[in-house]
Amino acid sequence: MRIGVAAALAATCLLSCSSGTSVARPSPTAPPGEASNQSLLAYYGSYRTGDGDTLVIARLGWFFDMGDGTYRTIFTTHEATHFTIGRTFKEPLPKFADLVFGQGTLTISEGSRSRVGLRLRYRQTDVKIAAAGAELAGTITEPLGNEPHPGIVIVHGAERGERYFYDVWVGVYTSMGLAVLTYDKRGIGSSTGLYPGEFASIDALKIYADDAAAALRFLSHWPGIDRSQVGFHGGSQGGWTVPLAIQRNHQAAFAVLASAPATTVDQTDLWAGFSGGGAEMPSESVDEMLSSVRATHSGYDPIPALRALGVPALWLLGVNDRTVPTTVCVEILSEMHKPNFTVRLLPTGHGLLVNPTGLLADDDRSPGLAPDLVPILRSWMAQARAST
């Protein structure tokens with residue numbers, strides 16, 4: 001199975017890491033080009049505006065406004081400090097706003113309206129995590145002050161994940177006062193070991209769960225961390241990994257599962273296949289597709305691990321997800337009658353972008369992430385932390 005969450009995340013070096021490398025810039029007359037990791041290296045992170053809003057710049061080339069859910073691809077201009085975003089996630093024109101970076105500032109101008117955000121300072125430390133047959137390269141991003149901090153480990157989806165994929169989630173969780181550990185998948189980026197591949201075989205999931213458990217163990221022993229309030233975030237395929245990891249490391253206090261399947265691997269693959277992985281509208285009716293999914297039971301089954309999951313767990317599921325069969329997942333979770341489970345449905349596709357069809361092409365035309373996403377997460381996280 002090859003599933004992953006669009007809202008990626010991480011955090012490593014800042015301006016000093018760019019080493020003055022020159023960046024090729026388009027001419028003033030060239031069409032806007034997508035900003036690269038290198039062009040955003042000096043600016044990625046979080047910025048707090050005067051009205052208390054938080055803006056996140058991700059090295060994958062994404063802009064996220066936590067206040068209203070605006071989530072857009074960043075495009076370059078002829079000036080190294082000046083970027084733009086369009087009116088939808090992937091389309092550069094018509095232009096929606098200018099993003100201009102200064103010394104520790106981000107000015108976002110939408111027509112006659114301008115806001116200035118001040119860059120938030122975090123402590124970031126690159127670390128090496130011992131795992132079975134591998135050494136995982138990671139980064140811990142910590143808010144300054146108010147220690148000890150709760151902590152969270154970001155667990156990958158099916159993608160060949162590196163730390164910087166998760167800049168957005170790092171921005172979200174640090175804004176809530178959590179320290180965040182992100183790491184390169186084994187065999188990917190700066191991590192050693194053999195990459196198990198994208199397919200969610202039982203053997204691969206066990207390896208990924210062992211790695212995630214090792215990462216949580218490492219974070220829970222980091223200075224300034226509240227060991228009683230350390231948990232996981234797992235997106236997409238990470239939703240299979242996290243419950244297995246919690247069986248391996250009982251220190252976990254909570255789990256956030258985004259676009260995460262409660263169905264078996266083959267059930268999930270079958271659902272995704274009806275739309276060609278979100279490439280086209282299915283020819284079958286919804287009832288026909290759901291009936292076929294319910295009748296399939298092969299592949300890795302997460303139900304035993306979910307039944308054993310005793311910590312507060314939040315599912316963030318898109319009602320229009322073409323990769324994960326949300327309707328069947330909700331049925332499975334509801335039938336367990338577990339009071340520690342919370343399920344929240346969003347008007348999104350698999351990537352948590354607002355999307356009425358769930359098709360990949362309509363993700364490109366989305367205005368952003370579900371506006372309720374961050375408020376739901378903030379409220380639930382506060383309740384989960386209070387219960388530990």
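**Overall architecture and local features of the predicted model**

The protein chain carries 30 positive and 36 negative side chains, and the centres of these two sets are 6 Å apart. The structure described here is a predicted model, and its secondary structure comprises 10 helices and 16 strands. The radius of gyration of the protein chain, 20 Å, is close to the 21 Å given by the globule rule for 388 residues, so the chain is as compact as a globular protein of that length. Along the principal axes, the C-alpha trace extends over about 55 × 50 × 40 Å. Of the 388 residues, 56% are buried, and the surface that the protein chain exposes amounts to about 15,200 Å², with carbon and sulfur atoms supplying 54% of it. When contacts between residues at least 6 apart in sequence are considered, 67% of them join residues at least 24 apart.

Aromatic side chains were examined next. A search of the whole structure finds 14 aromatic pairs. In one of these, Trp169 and Tyr173 are stacked, with a distance of 5.9 Å centre to centre and an angle of 25° between the planes; the pair counts as stacked because its planes are under 30 degrees apart. Both Trp169 and Tyr173 belong to helix α2, which covers residues 167-175, and they are four residues apart, about one turn of the helix. In general, an α-helix has 3.6 residues a turn, so residues three or four places apart point the same way. Trp169 has a relative accessibility of 3% and therefore counts as buried, and Tyr173, with a relative accessible area of 0%, is buried as well. Elsewhere in the chain, Tyr43, Tyr47, Phe83 and Phe101 form one aromatic cluster.

The burial of the stacked pair is shared by the helix that contains it, since α2 is mostly covered, with nine of its nine residues buried. Among the buried residues of α2 are Asp167 and Thr174, together with Val168, Val170 and Val172. Just after α2, Gly177 adopts a positive phi of about 90°.

Gly177 also appears in the surroundings of Pro150, a residue found in strand β11. Apart from residues up to four places away in sequence, Pro150 touches Gly177, Leu178 and Ala179, as well as Asp226, Gln229 and Arg385. Pro150 has a relative accessible area of 4% and is therefore buried. The C-alpha atom of Pro150 is separated by 9.5 Å from that of Met176, a residue 26 positions apart from Pro150 along the chain.

Backbone geometry was then considered. Most residues other than glycine have a negative phi, and most peptide bonds are trans. Against this background, the bond joining Leu93 and Pro94 is a cis peptide bond, with omega about 0°; Pro94 is found in the loop between β5 (82-86) and β6 (95-101). The peptide bond from Glu147 to Pro148 is likewise cis, with omega near 0°, and Pro148 is placed in the loop between β10 (134-143) and β11 (149-155).

The loop between β10 and β11 also contains Asn146, a residue other than glycine whose phi is positive, near 55°. With a relative accessibility of 75%, Asn146 counts as exposed. A positive phi of about 55° is also found at Ser236, although Ser236 is not a glycine. Ser236 lies in the loop between β13 (225-235) and α4 (238-248), where its relative accessible area of 0% means that Ser236 is buried. Of these two residues with positive phi, Asn146 is thus exposed, whereas Ser236 is buried.

A further loop position is that of Ala279, between α5 (265-274) and α6 (286-294). Ala279 has a relative accessible area of 58% and is therefore exposed. Although Ala279 and Gly358 are 79 residues apart along the chain, their C-alpha atoms are separated by 9.3 Å.

Methods:
Residues numbered from 1 in each chain as written. Predicted model: local features only at pLDDT ≥ 70, side-chain atom pairs only at ≥ 80, totals over all residues. Heavy atoms only, no water. Helix = DSSP H or I, 4+ residues; strand = E, 2+ residues; numbered from the N terminus. Rg over C-alpha atoms; globule rule 2.2 N^0.38 Å. Buried < 20%, exposed > 50% of the residue type's maximum accessible area, 1.4 Å probe, protein only. Contact = heavy atoms within 4.5 Å. Areas by Shrake-Rupley, 256 points an atom, 1.4 Å probe, with all protein chains shown as cover. Lys, Arg positive; Asp, Glu negative; His and termini not counted. Charge placed at Lys NZ, Arg CZ, Asp CG, Glu CD. Phe/Tyr/Trp six-rings, centres within 6.5 Å; stacked < 30°, edge-to-face > 60°.
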